[in-house]
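The following exercises introduce a structure through its ligand site, its salt bridges and one of its sheets. Each task is followed by a solution that proceeds step by step.

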Amino acid sequence: MSETYDVIVIGSGPGGYVAAIRAAQLGLRTACVEKRETLGGTCLNIGCIPSKALLFSSERFEEARHGLAVHGVRVASVELDLAAMMAQKDKVVAANTSGVAFLFRKNKVDWIKGEARIAAPGAVDVTLNAGGTQSLTTRHIVIATGSEVTPLAGVAIDEQRIVSSTGALALGEVPKRLLVIGGGYIGLELGSVWRRLGAEVTVVEFLDRILPGMDGEISRQTQRLLQKQGISFRLGMKVTSAVAGDAGVSVSIEPSAGGPVESVTFDTVLVAVGRRAFTDRLGLEALGVTRDERGRVATDGHFATNVPGIYAIGDAIAGPMLAHKAEDEGVAVAEILAGQAGHVNYEAIPGVVYTWPEVASVGRTEEQLKEAGIAYKTGKFPFTANGRARAMAATDGMVKILADASTDRVLGAHILGANAGDLIAEIVLGMEFSAAAEDIARTSHAHPTLSEAVKEAALAVAGRAIHI
Ligand SMILES: Cc1cc2nc3c(=O)[nH]c(=O)nc-3n(C[C@H](O)[C@H](O)[C@H](O)COP(=O)(O)OP(=O)(O)OC[C@H]3O[C@@H](n4cnc5c(N)ncnc54)[C@H](O)[C@@H]3O)c2cc1C
């Protein structure tokens with residue numbers, strides 16, 4: 001049986017499902033091929049959503065044990081019910097994935113359940129999950145196949161004792177000693193979950209800092225706070241092998257630059273060294289679709305590959321591997337296919353690490369501005385001087401705004417603190433409108449809120465913060 005569409009989207013992650021819904025909204029006959037049994041891709045099934053569910057739940061556990069006495073709330077005994085916490089996470093995931101299925105029905109997007117292969121421009125063959133194959137024809141194809149865990153040589157993932165993020169979201173018991181390989185956001189978030197639930201957590205990072213790519217000052221402060229919470233860091237070190245045996249997982253660790261090898265035993269090892277584009281099984285080589293040295297589909301400014309009629313978005317192409325970046329690209333590509341002017345502003349895509357406190361960032365870091373030789377002014381405001389943060393007993397961290405030295409235009413902002421992921425939104429919006437720091441400084445912010453720290457940092461850019 002062959003069906004004809006205007007658009008076939010391959011993959012139903014935040015890039016793919018959003019592209020499919022937007023294309024259907026614009027009147028294009030749209031199908032989305034997804035091989036997983038549920039929609040939503042990495043993000044909803046094994047990424048953003050389950051990790052945030054566990055982060056939220058484990059934060060409540062930590063708060064009940066250590067964070068309430070300061071507010072005069074005494075809790076006699078606090079127990080962990082890990083099975084219930086996992087069930088809550090699964091419920092959240094199911095609500096989200098079935099929500100996408102509902103949106104597909106509502107917008108009349110056909111969900112083809114199976115693995116897609118591009119036979120030719122305009123032709124997609126699907127190996128159906130239910131058995132058999134289906135050939136589809138279409139005017140446009142959008143590749144939104146996302147990413148997969150980057151493996152680490154010498155460390156074979158079994159998802160039991162040596163796990164990727166997927167296994168770390170579903171451990172059946174709290175490991176006594178957890179090794180996290182990689183000090184990026186996934187390692188720090190999942191390390192935080194299991195530390196709160198009782199594990200002794202060690203993070204080994206190849207580089208001499210955590211959160212590479214984030215502002216250096218913020219990254220150092222974040223490390224200090226996580227250390228205070230009990231996470232140990234081994235920076236400038238690399239894991240060369242991990243072998244699961246009766247006594248645990250025996251791990252070899254050595255300095256990144258080479259040197260003496262240590263052997264240390266852990267109960268569980270989490271490999272979180274990054275993710276790589278998942279583009280191997282689409283038949284791209286035979287079609288002549290160009291990929292870069294990291295396997296990402298090469299696209300122009302309009303998400304078009306070098307083969308007419310084939311487009312790509314999300315983790316499968318260059319740029320930050322973030323759900324909202326994939327979503328924005330999904331909207332943009334659908335609008336382009338419908339003849340509109342879809343566009344993504346890569347200068348204003350926030351990044352958030354959902355540890356406690358959160359770390360949020362948008363635009364340039366100080367390091368990047370220095371490297372680019374751009375003269376800038378800095379405005380900082382610590383949460384210790386914010387009334388609401390004091391009331392919340394959440395005074396760790398600060399807001400830091402970087403603005404152009406001559407025009408005052410905001411070039412970047414970095415927030416470490418409670419609700420940083422929400423606070424960054426106003427600066428992202430400001431940057432979309434080319435705001436000057438003074439625009440933020442002169443905007444009324446409700447009192448008492450954490451957002452006043454953003455205003456004060458904007459005032460501090462001009463050396464006129466009021467409350468410090
Ligand atoms: C633990 C973890 C936590 C994360 N937390 C965050 C966060 O808090 N915020 C954030 O912004 N990002 C987060 N991310 C990253 C985010 O999940 C990704 O950036 C996002 O999912 C990318 O979306 P996508 O649509 O490009 O691809 P994906 O979400 O990876 O979806 C691709 C889909 O394509 C399907 N597929 C692949 N090939 C085929 C084929 N040939 N045929 C049919 N289907 C196919 C796959 O099954 C998959 O469902 C997290 C990731 C992980 C792993």
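## Exercises on a predicted model

**Exercise 1. State which helices and strands supply at least two residues each to the shell around the ligand, and which gives the most.**

Solution. Step 1: the helices that supply at least two residues each are α1 (14-25), α2 (41-46), α3 (48-67), α6 (185-196) and α9 (323-337). Step 2: the strands that do so are β2 (30-34) and β3 (110-120). Step 3: the greatest contribution to the shell comes from α2, with four residues. The model under study is a predicted one, and the values in these solutions are to be read accordingly.

**Exercise 2. Determine how many residues surround the ligand, and how they divide into nonpolar, polar and charged.**

Solution. Step 1: the ligand is surrounded by 40 residues. Step 2: the closest of these are Gly15, Glu34, Thr42, Lys52 and Ala323. Step 3: by type, the shell contains 17 nonpolar residues, 16 polar ones and seven charged ones.

**Exercise 3. Describe the contacts that the ligand's nitrogen and oxygen atoms have with Ala116, Tyr185 and Leu322, and state what share of the ligand's area the protein buries.**

Solution. Step 1: for Ala116, a backbone N or O atom lies 2.9 Å from a nitrogen atom of the ligand. Step 2: for Tyr185, an N or O atom of the side chain is 3.1 Å from a nitrogen atom of the ligand. Step 3: for Leu322, a polar backbone atom is 3.2 Å from an oxygen atom of the ligand. Step 4: the ligand taken alone exposes 1000 Å², of which the protein buries 97%.

**Exercise 4. Locate the salt bridge between Glu335 and Arg22 in the chain, and decide whether Glu335 is buried or exposed.**

Solution. Step 1: the structure holds 27 salt bridges. Step 2: in the one between Glu335 and Arg22, the closest N and O atoms are 2.8 Å apart. Step 3: Glu335 belongs to helix α9 and Arg22 to helix α1, so the pair links distant parts of the chain, 313 residues apart. Step 4: the relative accessibility of Glu335 is 15%; because buried means under 20%, Glu335 counts as buried.

**Exercise 5. Carry out the analysis for the salt bridge between Arg234 and Glu262.**

Solution. Step 1: the closest N and O atoms of Arg234 and Glu262 are 2.6 Å apart. Step 2: Arg234 lies in strand β10 (residues 232-235) and Glu262 in strand β13 (residues 262-266), 28 residues apart. Step 3: Arg234 has 28% relative accessibility and therefore counts as partly exposed. Step 4: Glu262, at 29% relative accessibility, also counts as partly exposed.

**Exercise 6. Explain how Glu366 and Lys370 are placed along their helix, and state which network of salt bridges they belong to.**

Solution. Step 1: the side chains of Glu366 and Lys370 meet in a salt bridge of 3.9 Å, N to O. Step 2: both residues lie in helix α10 (residues 366-372); because they are four residues apart there, about one helical turn separates them. Step 3: Glu366 counts as buried at 13% relative accessibility, whereas Lys370 counts as exposed at 57%. Step 4: Glu366 and Lys370 belong to a network of salt bridges that also links Asp215, Glu217, Lys380 and Lys400.

**Exercise 7. Give the order of the strands in the five-stranded open sheet, and describe the surroundings of β14.**

Solution. Step 1: the order is β7-β14-β8-β9-β10, with parallel pairing. Step 2: the edge strands are β7 and β10, each of which pairs on one side only. Step 3: β14 pairs with strand β7 (residues 162-163) over two bridges and with strand β8 (residues 177-181) over four bridges. Step 4: Val163 stands opposite Leu270 in β14; Val180 also stands opposite Leu270, and Leu179 stands opposite Val269.

Step 5: in a regular strand, side chains alternate between the two faces of the sheet. Step 6: in strand β14 (residues 268-271), Thr268 and Leu270 point one way and Val269 and Val271 the other, and all are buried.

Conventions. Residues are numbered from 1 along each chain as its sequence is written. This is a predicted model: local features need pLDDT of at least 70, side-chain atom pairs count only at pLDDT 80 or more; totals for chains, interfaces and linings use all residues. Side-chain values use heavy atoms; hydrogens and water are left out. A residue is near a molecule or strand if one of its heavy atoms lies within 4 Å of it. A polar contact is a pair of N or O atoms within 3.5 Å; within protein, one must be able to donate a hydrogen and the other to accept it, and residues adjacent in sequence count only if both atoms are side-chain atoms. Accessible areas come from the Shrake-Rupley method with a 1.4 Å probe; for residues, only the protein chains shown count as cover. Ala, Val, Leu, Ile, Met, Phe, Trp, Tyr, Cys and Pro count as nonpolar, Asp, Glu, Lys and Arg as charged, and the others, Gly among them, as polar. A salt bridge is a side-chain nitrogen of Lys or Arg within 4 Å of a carboxyl oxygen of Asp or Glu. Buried means under 20% relative accessible area, exposed over 50%, partly exposed in between (1.4 Å probe, protein chains only). Two strands pair if DSSP finds at least two bridges between them.
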